[in-house]
Amino acid sequence: MSGAVEARLAELGLTLPEVVPPLAAYQPAVQSGVYVYTSGQLPMVAGKLSVTGKVGDEVTAEEAKQLAATCALNALAAVKSVAGDLDRIKRVVKVVGFVASAADFTGQPGVINGASELLGAVLGDKGVHARSAVGVAVLPLDAPVEVEVQVELVEA
């Protein structure tokens with residue numbers, strides 16, 4: 001059974017995916033008190049990356065922005081896996097985005113806006129958050145972007 005957040009996802013034409021299985025020795029998300037911390041989420045769809053490479057080289061900034069939204073959707077799935085219900089989200093506290101960047105690419109904030117805008121569209125005011133957008137040389141599996149999310153939950 002889905003709640004208001006999942007109904008909003010459906011209104012936006014989005015489906016909450018299955019949790020992306022870990023690529024190494026970690027959990028997709030952990031809860032500590034009223035906080036859930038996700039591991040870095042790659043833009044996996046149906047178990048694979050549809051796009052690889054550096055942003056500003058093989059991948060355009062607009063493509064990467066869409067991939068960041070996919071990362072945020074995967075992060076919501078990871079949050080649900082430990083919280084049980086996305087309607088328990090009190091607020092998104094922090095988003096950290098990593099962009100595998102060509103040497104001269106400086107548009108990391110615009111790329112990570114894909115994640116921030118998705119969270120805002122889905123969660124409204126609860127999706128407003130602090131954020132970092134960081135350019136890096138390479139990400140796992142040659143992914144263009146990776147996003148991690150920290151949320152505060154309403155106590156059960």
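## Strand 7, its partners and two voids

At 23% relative accessibility, Q150 counts as partly exposed, because that class runs between buried (under 20% relative accessible area) and exposed (over 50%), using a 1.4 Å probe and protein chains only. Before going on, a word on the input: this is a predicted model, where local features need pLDDT of at least 70 and side-chain atom pairs count only at pLDDT 80 or more, while totals for chains, interfaces and linings use all residues. Residues are numbered from 1 along each chain as its sequence is written, and side-chain values use heavy atoms, with hydrogens and water left out.

**Around Q150**

Q150 belongs to strand 7; strands here are DSSP runs of E with at least two residues, helices are H or I runs of at least four, and both are numbered from the N terminus. Which residues does Q150 touch, leaving aside neighbours within four places in sequence? They are V36, Y37, V92, V93 and K94, with contact meaning heavy atoms within 4.5 Å. V45 is another matter: 105 residues separate it from Q150 in sequence, and the C-alpha to C-alpha distance is 21 Å.

Zooming out, strand 7 covers residues 145-153, and seven of its nine residues are buried, so the strand is largely enclosed by the rest of the structure.

**Who pairs with whom**

Two strands pair if DSSP finds at least two bridges between them. Here are three antiparallel pairs:

| Pair | Bridges | Residues facing each other |
|---|---|---|
| Strand 5 (89-100) and strand 7 | nine bridges | R91 and E152 |
| Strand 2 (35-38) and strand 7 | three bridges | V36 and V151 |
| Strand 1 (29-32) and strand 2 | four bridges | V30 and Y37 |

E152 turns up again on the strand 2 side, where it is the bridge partner of Y35. Strand 2 itself has two distinct faces: V36 and T38 sit on the covered one, Y35 and Y37 on the uncovered one. In a regular strand, side chains alternate between the two faces of the sheet. Strands 1 and 2 form a hairpin with two residues between the strands, and G33 in it takes a positive phi near 65°.

**Helix 2 and the largest pocket**

Helix 2 makes a neat geometry check. The expected span is 1.5 Å times one less than the number of residues, so its 23 residues should cover 33 Å, and the end C-alpha atoms, 32 Å apart, agree with that. Just past the helix, G84 has a positive phi of about 90°.

Helix 2 (61-83) and helix 3 (108-123) each give at least two residues to the lining of the largest pocket. For the voids, a 1 Å grid is laid over the protein atoms alone: a cavity is a set of points where a 1.4 Å probe fits but cannot get out, a pocket is an open set with protein on both sides within 12 Å along at least five of seven lines, and lining residues have an atom within 4 Å of a point. Volume is the space filled by probe spheres on the points, which are joined across faces, edges and corners. The largest pocket comes out at about 160 Å³. Its lining includes K65, Q66, E117 and L118, and by class holds five nonpolar, three polar and two charged residues.

**A cavity with no charge in its lining**

How many cavities of 30 Å³ or more are there? The count is one. The largest cavity has about 90 Å³ of space, with V20, Y26, S39 and M44 among the residues lining it. Eight of the lining residues are nonpolar, three polar and none charged; Ala, Val, Leu, Ile, Met, Phe, Trp, Tyr, Cys and Pro count as nonpolar, Asp, Glu, Lys and Arg as charged, and the others, Gly among them, as polar.
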